[in-house]
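Please look over the sequence and the structure shown here before reading the report that follows.

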There are 2 protein chains.
Amino acid sequence: MSDVARVANVSASTVSHVINKTRKVNPETEKAVREAIEATGYAADAVARSLRTGRTHIIGLAMTAISNTYFGDVVHALERTVTDRGYSLILTDTHDTPERELHALRALLSHRVDGIVLAPSAAPHAAYAQLARRKVPLVLIDRVPAEFLVNVDAVGVQNVEPIATLVEHLVVVHGHTRIGMVAPKAGIITTQERIAGFRLGLERNGLDPSEAAVEHGGESAEQTAAALARILDVPHPPTALVLGNNMVTVAIISELRKRGITPPRGIATVSFDDFPWADSFQPRLTTMSQPVDELGSIAVQLLLERIADPGLDARHVRLEPTFEVRESCGCP
Amino acid sequence: MSDVARVANVSASTVSHVINKTRKVNPETEKAVREAIEATGYAADAVARSLRTGRTHIIGLAMTAISNTYFGDVVHALERTVTDRGYSLILTDTHDTPERELHALRALLSHRVDGIVLAPSAAPHAAYAQLARRKVPLVLIDRVPAEFLVNVDAVGVQNVEPIATLVEHLVVVHGHTRIGMVAPKAGIITTQERIAGFRLGLERNGLDPSEAAVEHGGESAEQTAAALARILDVPHPPTALVLGNNMVTVAIISELRKRGITPPRGIATVSFDDFPWADSFQPRLTTMSQPVDELGSIAVQLLLERIADPGLDARHVRLEPTFEVRESCGCP
DNA sequence: TTGTATGCGTTATCAG
DNA sequence: CTGATAACGCATACAA
C-alpha cells in the first residue's frame, strides 16, 4: 500500500479511502491511485485489515465429513452462498465427536471467523460453552435442538412427519405390516426425530411400534451390516425397511445384495436422503429428498443477518423434504 | 493477552513466550501464566499473529465443485491432512472457468494463505501469472500440466495407460470392435490424456481411432445426453462405451435407462472414477478407481515441503488408479 | 529469568 | 478534499 501511495503521490489513507469508497476523493486523484494499484499489482492485505476492523469476512463451517454425499452437497451450497456475499469459507471436520468438535471450533475461533455454521455432535455442550463465551454469531445446521437454545439460530429439515409418510406409504400402498428401521448413529437429534417419525407412522396405521425392530447403523459399513443382521436374522423378519440416511442406505443396499436381495424383491425399502443417481441405478430408490441447496443458503442468510444484528431473536427454520416415489418400495 | 499478563502479573512478552515455548521461563511463572490463561479463557488471536509472523497457517483450496463425489472426496482428504499438520483450509470454487478461478485465487491471496492447492481450469494462464507474481507456494492437483512448469509441484493420476487398459479389456475380453467415448469437458488436461489413452488402446488392439466416436459431456446432464445421442443415433453405433469421469457416468447411465438400456445388456460400459456404491447398484460398474485419499494427502505433503523449502525442484507425482472389474463391461 | 519497545499493514480519527 | 497519526494484538530484538 505504501508502494501504491508513493507511485500515486498520495498518502496511504487516501489509497485506503479510494479502495473502500469511504470518503469523497477528487476524480483525478482517484484515477492516479487506481493506476498505481494496477501498476504495482497491489492487493489489500486481509489479515491487516481484519486486525484493524475486527472483521475477517470468513465464515467457519464445522460438520462431519463422514457422510460424503450430504457433506459435499452442503459444503457446495454454503461455499456458493458465502462467496456470493463476499465471504470466504473455512472448513473443519467435527468427526461427529465432542473432542474433535471442540478442536475444530477452537481453530475457527482463533482465526476470528465472523460467524460459524455448526452441525452439532451428540454431546455439544462443551462446544456451546466455548461459543457462548466468545459470543460468536452461530447457526446450527441439520440438527435442530429440541430445547430452544437462547439466541441460537438453526436450519434443518422436518424429520418426524416425512418419515411417518414413508411408513404410511409402505403400509397403505404396499400392504406391509412388519417394518423395521435401520436408523443413523445414535444420540444425534435427527436420528431421534427420525425414529420418532417411524414410530408415529406405525401407530397411525394401526401397527405396534414396540414390536418393530430399530437398530442403529451409519457409522461404518460393518456396523450397519450388523444392524441389518440383527433385524433380518430372526424368526419373522420385516418385509420392509426404513433407512434413516444416505450412509445407511448405501451400506444396506450393498449388504442386501450380498444376501441376494434387490429391493423391492425380497424386501422393500424407503430411505431418507436422495442421491443424484437414485433414479438411474437399480434398485431405483424411493426417498425423502432434502433440499440441500436451500439448507446451505438459508444457513448463510441467517448467519449474516445475525452478524448484522446480534440482537435478533433466535430463529428455527424447518424445510420440507420431497417425497420421491420410485421402485424400491415395491412396484406401483 | 494483556488480560492474561495482568492476572499473572507478568509482561505480555512472557505470556507470548510460554504460549509458544520460545524461551526458558521460570516454572512458577509459567504456572501462573497458564492459570491466568485458563481463568481468562484466553485464546491467541491468529489474525494478529499472522500479521506479525507473515504466516497464516491456512491452506487454500481452489477447485471446481461441480463433480460432487470427486470434489467431496478430495476436500475430505485434504481437510484431514491439513488439520493433522496444524493448518486450516479455506475452500473456493473455480467453477472450472478462468474468471471464477482468478476470483477464487484472489480471495485466497488476499487472505494471505500459506499455500494453495489448485485444480487448474482449461485456461489457467491468468491464474498462474497472478500466483507467480505473489510467489505463493502452489501445488496443482488432478490436472498435471504436460509442459513442465518451473517450480510447480503437481499430483494427479495416470490417465493414458489406465484408459488404454479399459479399452483393451473391452476388446480382448469381451470382443468389442466398435467402441465410443463420452469424454469429460473439453480443454481440461485430464480429458486430453483420457482421450489419448482411448486412442492408444484402440490402436494397440488393431482398431482405427479415426473411426471411433469421441464426444464431450460432463458439464451438465443435458449436454452429456446430447453427446450420447451423437454417438448412438447413427447407422452403426458402438457396442461399448468408455465413460471419461464420474459425472459423465451418472448422466450416461441415466440416459441409457431412458432408452431402456441397462449395461451390459444393449451396450457395455467402462468408466473412469469409482463410486462407493458402484458395487451394489445395477449396473455394477466396471471402473478405474482413483486413490483420492492419497491424492489429497500427497498434495498437502508436497505443499508443506515447498513452504518449508521454496528452493526445491518441482515434483510431479502420478498415482496409479485401480482397475475394478465388475459387470457393466459384460458378464465375465 | 524477565521486561520494554517496535513494527507487521490496515482503517479511522483528527487536523489542515 | 487530503495528510499525519494512532491503534488493532501479537512476536521478537534488545535491554536489564
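## The surface near the DNA and the contact between chains

Six residues, the largest share of the surface near DNA strand D, come from H2(B), where helices (H or I, at least four residues) and strands (E, at least two) are DSSP runs numbered from the N terminus. This is a predicted model, in which local features need pLDDT of at least 70 and side-chain atom pairs count only at pLDDT 80 or more, while totals for chains, interfaces and linings use all residues. Residues are numbered from 1 along each chain as its sequence is written, and chains are lettered from A and ligands numbered from 1 in the order in which they are written.

Around DNA strand D there are 27 residues, of which Ser13(A), Asn26(A), Thr29(A), Met1(B) and Ser13(B) come nearest; a residue is near a molecule or strand if its C-beta atom, placed from the backbone, lies within 6 Å of it. Two or more residues of this surface are given by each of helix H2 (12–20) and helix H4 (46–53) of chain A, and by helix H2 (12–20) and helix H4 (46–53) of chain B.

Between the proteins, 43 residues of chain A are in contact with 43 residues of chain B, contact being C-beta atoms, placed from the backbone, within 7 Å. On the side of chain A that touches chain B, H5(A) gives the most, with ten residues.

| Surface | Nonpolar | Polar | Charged |
|---|---|---|---|
| Near DNA strand D | ten residues | eleven residues | six residues |
| Side of chain A that touches chain B | 19 residues | 14 residues | ten residues |

Here Ala, Val, Leu, Ile, Met, Phe, Trp, Tyr, Cys and Pro count as nonpolar, Asp, Glu, Lys and Arg as charged, and the others, Gly among them, as polar.

S2(A) and strand S2 (residues 88–93) of chain B pair in the antiparallel sense over three bridges, pairing requiring that DSSP finds at least two bridges between two strands. Within this pairing, Ile90(A) has Ile90(B) of S2(B) as its bridge partner.

Note on methods
Contact = placed C-beta atoms within 7 Å.
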